[in-house]
Amino acid sequence: MLHFQKFEKRYGNFPALKIDDLSIQPGIYWIKGVNGSGKSTLLKSIAGILSFQGDIILNDNISITKQPVAYRKLVNFAEAEPLFPEFLTGMEMISLFADAKGAPAGQAQQLIESMYMTGYVDRPVGSYSSGMLKKLSLLLAFLGRPDVILLDEPLITIDVASLKILYTWMAERHTQQGTSFLLTSHQPLDHDELPAATELLVQDQTLNLV
Ligand SMILES: Nc1ncnc2c1ncn2[C@@H]1O[C@H](COP(=O)(O)OP(=O)(O)OP(=O)(O)O)[C@@H](O)[C@H]1O
């Protein structure tokens, strides 16, 4: 699914993360690591938000450096602490992302209703609570037909009922479309709700299969 080739991310002189040669097969992955170990750096790099040395190849032939448009269409990302332009409504954000990701007709509406967001989706994002913002960012990550969905700390901020819905979305996408997930969490995952997740550990400035 993802192949890291001589990957290296530095912040100035600080070597944050180095992955020489590693392949990750399709699946659901729980990325663990202490604060500051590099989990967000890893997800932002895979999402194409951060620049880095080396390359990341999706599905054996789509390079993030050589085919960035095709790559980004297939890799979606929800940030740990999302920030959106405050003057846009949730619906305007959803329409933008649905367009960019080639979402099938009706998909956005189905997700809005499923996450019980109908009541506020037409309000400006600046008026949202942190949980409402988080749900919007999670919904955006499910638009289109990505091969990989990256979720940075998806369990924080959202209430128990919404978390259950998120687990259902993940299980459905994984079983019906073979979508892979990489998610970070300091909290344990609920294995009753989620298909088995393989653990990955970010430690000593690199990524290890546990
Ligand atoms: N923009 C930046 N400039 C400089 N250093 C950074 C920057 N972003 C992250 N770092 C450093 O890179 C390292 C990894 O940070 P990162 O945010 O990826 O860790 P994390 O594992 O996600 O942490 P947490 O569990 O606390 O969210 C840390 O040492 C951090 O200080």
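Ser-40 sits in helix 1, and that's a handy place to start with this predicted model. Around the ligand, helix 1 is the biggest contributor to the shell, giving 3 residues. Below are the ligand shell, a few residues worth a click, and the way helix 3 packs on helix 5.

**Ser-40 up close**

- Ser-40 has 21 other C-beta atoms within 10 Å, so it counts as buried, the cut-off being 20 or more.
- Leaving out residues up to four places away in sequence, Ser-40 touches Ala-80 and Asp-152.
- Glu-79 is 39 residues from Ser-40 in sequence, and the C-alpha to C-alpha distance in space is 8.4 Å.
- Ser-40 is also one of the residues around the ligand.

**The ligand shell**

- Who lines the ligand? The residues around it are Tyr-11, Phe-14, Ala-16, Gly-33, Asn-35, Gly-36, Ser-37, Gly-38, Lys-39, Ser-40 and Thr-41.
- Split by class, that shell comes to 3 nonpolar, 7 polar and 1 charged.
- Two elements each put at least two residues into the shell: strand 2 (14-24) and helix 1 (39-47).

**Gly-33, another shell residue**

- Gly-33 is in the loop between strand 3 (28-32) and helix 1, and it is among the residues around the ligand.
- Is Gly-33 buried or partly exposed? It has 19 C-beta neighbours inside 10 Å, and burial takes 20 or more, so it counts as partly exposed.
- Not counting residues up to four places away in sequence, Gly-33 touches Gly-38, Lys-39, Leu-201, Val-202 and Gln-203.
- Of those contacts, Gly-38 and Lys-39 also belong to the list of residues around the ligand.
- Thr-65 is 32 residues from Gly-33 along the chain, with 27 Å between their C-alpha atoms.

**Helix 3 against helix 5**

- The axes of helix 3 (residues 90-101) and helix 5 (residues 130-141) come within 10 Å of each other and cross at roughly 20°.
- Angles under 35 degrees count as roughly parallel, so helix 3 is roughly parallel to helix 5.
- The crossing of the two helices is right-handed.
- Which residues do the meeting? From helix 3 there are Gly-90, Met-93, Ile-94 and Phe-97, and from helix 5 there are Leu-136, Leu-139 and Leu-140.
- By class, this contact has 6 nonpolar residues, 1 polar and no charged ones.

**Leu-140, from the helix 5 side**

- Leu-140 is in helix 5, and it counts as buried, given 25 C-beta neighbours inside 10 Å.
- Setting aside neighbours within four places in sequence, Leu-140 is in contact with Ala-78, Met-93, Ile-94 and Phe-97.
- Met-93, Ile-94 and Phe-97 are also among the helix 3 residues that meet helix 5.
- Lys-73 is 67 residues from Leu-140 in sequence and 12 Å from it in space, C-alpha to C-alpha.

**Loop residues with positive phi**

- As background, most residues other than glycine have a negative phi.
- Asn-59 isn't a glycine, yet its phi is positive, at about 50°.
- Where is Asn-59? You'll find it in the loop between strand 4 (53-58) and strand 5 (62-63).
- Asn-59 is partly exposed, with 13 other C-beta atoms within 10 Å.
- Glu-153 is another non-glycine with a positive phi, near 50°.
- Glu-153 is in the loop between strand 7 (148-152) and helix 6 (160-177).
- With 19 C-beta neighbours inside 10 Å, Glu-153 counts as partly exposed.

**Pro-104, out in a loop**

- Pro-104 lies in the loop that runs between helix 3 and helix 4 (107-114).
- Is Pro-104 buried or exposed? It has 11 C-beta neighbours inside 10 Å, and 12 or fewer makes a residue exposed, so exposed it is.
- Gly-144 is 40 residues from Pro-104 along the chain, while their C-alpha atoms are separated by 6.5 Å.

Definitions and conventions. Residues are numbered from 1 along each chain as its sequence is written. This is a predicted model: local features need pLDDT of at least 70, side-chain atom pairs count only at pLDDT 80 or more; totals for chains, interfaces and linings use all residues. Axes are lines fitted to C-alpha atoms, for helices over the stretch in contact, and angles run from 0 to 180 degrees between N-to-C directions. Helices (H or I, at least four residues) and strands (E, at least two) are DSSP runs, numbered from the N terminus. Angles under 35 degrees count as roughly parallel, over 145 as roughly antiparallel, 65 to 115 as roughly perpendicular and the rest as oblique. A crossing is left-handed if the near helix is turned anticlockwise from the far one by less than a right angle, and right-handed if clockwise. Two residues are in contact if their C-beta atoms, placed from the backbone, lie within 7 Å. Ala, Val, Leu, Ile, Met, Phe, Trp, Tyr, Cys and Pro count as nonpolar, Asp, Glu, Lys and Arg as charged, and the others, Gly among them, as polar. A residue is near a molecule or strand if its C-beta atom, placed from the backbone, lies within 6 Å of it.
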